[in-house]
Amino acid sequence: MVRGFYALGSGMLTQSRILTGVSNNLANIETPGYKRKEITASTFGSMVINRVDSQKTPIGTMSLITTADKTNVIHSEGTLKNTERPLDFAIQGEGFFAVQGANGTVYTRNGSFNVDAEGYLVLDNVGRVLGQNGPIQVGTDQFTADAQGNLTVNGNIAGKIAVYNFNDYNNLQIAPNGMFTGNNAALVQNPNIMWKTIEGSNVNAAEEMTDALSAQRNLQNCSQAIKMYDQVLSDAVTNIAKI
């Protein structure tokens, strides 16, 4: 009986984690370059179910506890949207922009850049955008760009936006502000960068709402079952006391 409380309690915690993940996805549905995150659940331990006979013949196993196992990032490409804003960039195909963050280089698909007070191309609240020769100083937002990321100001090339790729996206680590960190980044020599274009998030609102409803229903079922367990234990204690 007590084991049931652990199983149902773990189920409630797992569904709460899943709901938090879905809420985060929905909150970032309009965030450029945001990648959907999916929380998977797994069992923590199991018990053998036996027949009611003298030999205790095993007939299968049953999970005791569920737990939120890990967070998977879905790296599918979001919808490319033309904005006509000269500071917007999008990568067509694989790869990431590199940004000089406070704790080192971070990678992102968010190409909604700005120019800081010193004239550097920046991603707000993260850091300066890196080119092939370090941070890019354009000095103005009046520039032109080609498909390889070369930025030209008054006829002179001010820098080239660097695009990096990784052999295995599963090895990337999630960082704050929708960024990623990882080792062995390979510079893409001939990237396909779209100017005045932004990549939207790859979150599907309908799918997220379906997942939210499913997790909410599972959470409610676990809650109701715990109330039943509590009532049964209460009745058992009361009746035993009378005996």
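# Salt bridges, cores and loops

Arginine 36 is buried, with 12% relative accessible area; buried denotes under 20%, exposed over 50%, and partly exposed the range in between, for a 1.4 Å probe and protein chains only. The model is predicted, so that local features need pLDDT of at least 70 and side-chain atom pairs count only at pLDDT 80 or more, whereas totals for chains, interfaces and linings use all residues. Residues are numbered from 1 along each chain as its sequence is written, and side-chain values use heavy atoms, with hydrogens and water left out.

**Salt bridges**

Arginine 36 has a salt-bridge partner in aspartate 211. The criterion is a side-chain nitrogen of Lys or Arg within 4 Å of a carboxyl oxygen of Asp or Glu, and nine such bridges are found in the whole structure. Aspartate 211 belongs to helix H2 (residues 205-242), while arginine 36 occupies the loop between helix H1 (2-27) and strand E1 (37-43), so this pair ties together parts 175 residues apart in sequence. Helices (H or I, at least four residues) and strands (E, at least two) are DSSP runs numbered from the N terminus.

Three of the bridges are set out below, with the relative accessibility of each partner.

| Acidic residue | Basic residue | N to O distance |
|---|---|---|
| Asp211, 30%, partly exposed | Arg36, 12%, buried | 3.3 Å |
| Asp88, 5%, buried | Arg85, 26%, partly exposed | 2.6 Å |
| Asp116, 24%, partly exposed | Arg128, 22%, partly exposed | 3.3 Å |

The bridge between arginine 128 and aspartate 116 links strand E11 (residues 127-131), which holds the arginine, to the loop between strand E9 (114-115) and E10, which holds the aspartate; the two residues are twelve places apart. In addition, salt bridges link Lys35, Glu77, Arg109 and Glu199 in a network.

**A buried lysine without a salt bridge**

Lysine 37, in strand E1, is buried and yet forms no salt bridge. Its nearest side chain of opposite charge is that of glutamate 208, at 11 Å; for this purpose Lys and Arg count as positive and Asp and Glu as negative, with His and the chain ends not counted. The lysine 37 side chain does reach the backbone oxygen of lysine 35, at 3.3 Å. Beyond its neighbours within four places in sequence, lysine 37 is in contact (heavy atoms within 4.5 Å) with Asn25, Thr71, Asn72, Val73 and Ile174.

**Nonpolar cores**

In soluble globular proteins, nonpolar side chains tend to be buried together. A nonpolar core is taken here as a set of buried Ala, Val, Leu, Ile, Met, Phe, Trp, Tyr and Cys residues joined through side-chain atoms within 4.5 Å. The largest core comprises 22 residues, and those with the most contacts inside it are Phe89, Phe113, Leu121, Phe143, Leu151 and Ile161. Two or more residues come from each of strand E6 (89-91), strand E7 (96-101), strand E10 (121-123) and strand E14 (150-153). A second, separate core has eleven residues, among them Ala98, Tyr107, Phe166 and Tyr169.

Residues up to four places away in sequence aside, phenylalanine 113 touches Arg85, Leu87, Asp88, Phe89, Phe97, Leu121, Val122, Leu123, Val129 and Ile161. Both partners of the bridge between aspartate 88 and arginine 85 are thus listed among the residues that phenylalanine 113 touches.

Glycine 111 lies in the loop between strand E8 (104-108) and E9 and is buried at 0% relative accessibility. On the same sequence exclusion, glycine 111 touches Leu87, Asp88, Phe89, Phe97 and Ile198. Its C-alpha atom is separated by 9.8 Å from that of methionine 194, which is 83 residues away along the chain.

**A three-stranded sheet**

Strand E14 takes part in an open, antiparallel sheet of three strands in the order E13-E14-E15; strands pair if DSSP finds at least two bridges between them. Strand E13 (144-145) and strand E15 (156-160) are at the edges with a single partner strand each, so one side of each has no neighbour in the sheet. Four bridges join E14 to E15, and asparagine 150 stands opposite lysine 160 in E15.

**Positive phi angles**

Most residues other than glycine have a negative phi. Asparagine 125, in the loop between E10 and E11, has a positive phi of about 65° and is exposed at 73% relative accessible area. Lysine 196 has a positive phi of about 55°; it lies in the loop between strand E20 (193-195) and strand E21 (197-199) and is partly exposed at 24%.

Conventions:
A polar contact is a pair of N or O atoms within 3.5 Å; within protein, one must be able to donate a hydrogen and the other to accept it, and residues adjacent in sequence count only if both atoms are side-chain atoms.
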